[in-house]
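Dear colleague,

Please find below the structure that I am passing on to you. My notes on it follow, arranged by region, and I would be grateful if you read them with the structure open.

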Amino acid sequence: MARAPSTPKITRTLKDLRRHIARYRKAGETVALVPTMGALHDGHLTLVRTAKQKAQRAVVSIFVNPTQFAPNEDLARYPRDEAGDLAKLATVGADLVWAPSPDEMYGANFATRIEVEGAARGLEGAFRPHHFAGVATVCCKLFSQATPDVAIFGEKDYQQLCVIRQMVRDLNLPLAIHGVATVREKDGLARSSRNAYLSADERAAAPTLSVAIRTVAVQVADGTKQAAAIKAATKALERAGFGPIDYIAVADAETLDRWDPKSGRPGRVLVAARLGTTRLIDNVPVPRRKA
Ligand code: PAF
């Protein structure tokens with residue numbers, strides 16, 4: 001019989017996490033992990049719903065990972081709302097929340113870093129040089145702590161998803177990675193914890209980001225030169241008040257190298273741009289056209 005949804009149990013020590021996981025395993029249950037930094041929104045809840053479909057137990061980690069923020073980034077002001085997160089997780093039937101302190105996650109004299117190349121090069125990697133080493137290191141730790149059968153990531157952070165897939169492949173980590181399509185507001189803005197930083201005027205302008213990259217995606221699928229499509233999108237974003245625009249790129253959907261329209265491989269359009277003081281990212285697939 002299905003269990004009635006209730007507030008998930010919360011665990012803050014590795015010893016206790018392992019005890020819970022061992023109990024699930026002893027009962028023959030599979031485990032899905034949803035790594036998050038909290039400040040949960042509908043996008044995260046969709047990941048947890050997917051976790052519940054993929055495994056018998058859904059574990060959600062909430063950890064604002066200091067090692068993926070540069071000193072000039074928003075670690076201190078990153079939104080935190082543990083009580084709100086737990087209430088939301090109760091509505092989707094998460095079983096367990098893993099919420100370690102920074103000291104529990106990174107013990108004294110912690111000195112290991114996982115540096116992924118390939119998909120981590122360029123785009124976010126160029127603008128946030130230490131970011132993906134921080135993400136890869138904490139995800140590798142989360143995987144070895146929670147030992148999930150599958151981990152669920154949103155396509156909203158598309159390059160992150162590619163980097164995690166690369167790490168799991170390269171290190172033969174024994175879990176599957178499942179990507180979930182971006183959850184959007186009605187006006188097309190991708191759900192993100194950082195949307196909370198936008199002023200009313202910025203929020204009104206923000207959907208231009210997804211319109212601009214969708215336009216690029218359709219244009220390049222129909223044979224427009226990438227440079228021309230990107231130039232037009234850059235102008236549209238600047239008119240809407242975005243700037244600086246860190247990048248708009250048309251990339252191979254797996255390697256994130258420059259997309260060759262003749263390759264027959266799937267493409268992805270990715271963007272990062274600032275709106276006021278908030279840096280937004282988004283991405284969409286290049287539609288497939290029949291040959
Ligand atoms: O996408 C995020 O929220 C974070 O980068 C992750 C995957 C939880 C690692 O800290």
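**The loop after β2**

Alanine 39 is located in the loop that runs between β2 and α2 (42-54). Please bear in mind that this is a predicted model. The phi angle of alanine 39 is near 50 degrees, which is a positive value in a residue other than glycine. Is alanine 39 buried or exposed? Its relative accessibility is 15%, and because buried means under 20%, alanine 39 counts as buried.

**The ligand and its surroundings**

The shell around the ligand includes Pro35, Thr36 and Met37. Also among the surrounding residues are Asn65, Gln68, Val135, Val138 and Cys139, together with Phe153, Asp157 and Gln160. By class, the shell residues divide into 6 nonpolar, 4 polar and 1 charged.

Two side chains may be singled out for their polar atoms. In glutamine 68, an N or O atom of the side chain is 2.6 Å from an oxygen atom of the ligand. In glutamine 160, a polar side-chain atom lies 2.7 Å from an oxygen atom of the ligand. Taken alone, the ligand exposes 290 Å², and the protein buries 89% of that area.

Which elements supply at least two residues each of the shell around the ligand? They are β2 (31-36) and α6 (131-146). The largest share, 3 residues, comes from α6.

**The second largest pocket**

The second largest pocket holds about 300 Å³ of space. Its lining consists of 17 residues, and those that lie nearest its centre are Val220, Ala221, Trp259, Pro261 and Val286. The lining residues of this pocket divide into 7 nonpolar, 5 polar and 5 charged.

**The loop between α4 and α5**

Two residues of this loop deserve a note. Asparagine 109 is placed between α4 (102-105) and α5 (124-127). Its phi angle is near 65 degrees, again a positive value in a residue other than glycine. With a relative accessibility of 77%, asparagine 109 counts as exposed, because exposed means over 50%.

Threonine 112 also lies in the loop between α4 and α5. Its relative accessibility is 53%, so threonine 112 counts as exposed. How far apart are the C-alpha atoms of threonine 112 and threonine 137? They are separated by 7.8 Å, while the two residues are 25 residues apart along the chain.

**Helix α10 and strand β7**

Alanine 228 belongs to helix α10 (residues 226-239). At 44% relative accessibility, alanine 228 counts as partly exposed, because that class covers values between the limits of 20% and 50%. Measuring from C-alpha to C-alpha in the model, alanine 228 and valine 216 are 9.1 Å apart in space, and they are 12 residues apart in sequence.

Proline 244 is found in strand β7 (residues 242-252). The peptide bond that leads from glycine 243 to proline 244 is cis, and its omega angle is near -5 degrees.

**Where to look first**

If you wish to begin with the ligand, glutamine 68 and glutamine 160 are suitable starting points for viewing its polar surroundings. For the backbone, you may turn to the positive phi values of alanine 39 and asparagine 109, and to the cis peptide bond before proline 244.

With kind regards

Methods:
Residues are numbered from 1 along each chain as its sequence is written. This is a predicted model: local features need pLDDT of at least 70, side-chain atom pairs count only at pLDDT 80 or more; totals for chains, interfaces and linings use all residues. Side-chain values use heavy atoms; hydrogens and water are left out. A residue is near a molecule or strand if one of its heavy atoms lies within 4 Å of it. A polar contact is a pair of N or O atoms within 3.5 Å; within protein, one must be able to donate a hydrogen and the other to accept it, and residues adjacent in sequence count only if both atoms are side-chain atoms. Accessible areas come from the Shrake-Rupley method with a 1.4 Å probe; for residues, only the protein chains shown count as cover. Helices (H or I, at least four residues) and strands (E, at least two) are DSSP runs, numbered from the N terminus. Ala, Val, Leu, Ile, Met, Phe, Trp, Tyr, Cys and Pro count as nonpolar, Asp, Glu, Lys and Arg as charged, and the others, Gly among them, as polar. On a 1 Å grid over the protein atoms alone, a cavity is a set of points where a 1.4 Å probe fits but cannot get out, and a pocket is an open set with protein on both sides within 12 Å along at least five of seven lines; lining residues have an atom within 4 Å of a point. Grid points are joined across faces, edges and corners, and a volume is the space filled by probe spheres set on the points. Buried means under 20% relative accessible area, exposed over 50%, partly exposed in between (1.4 Å probe, protein chains only).
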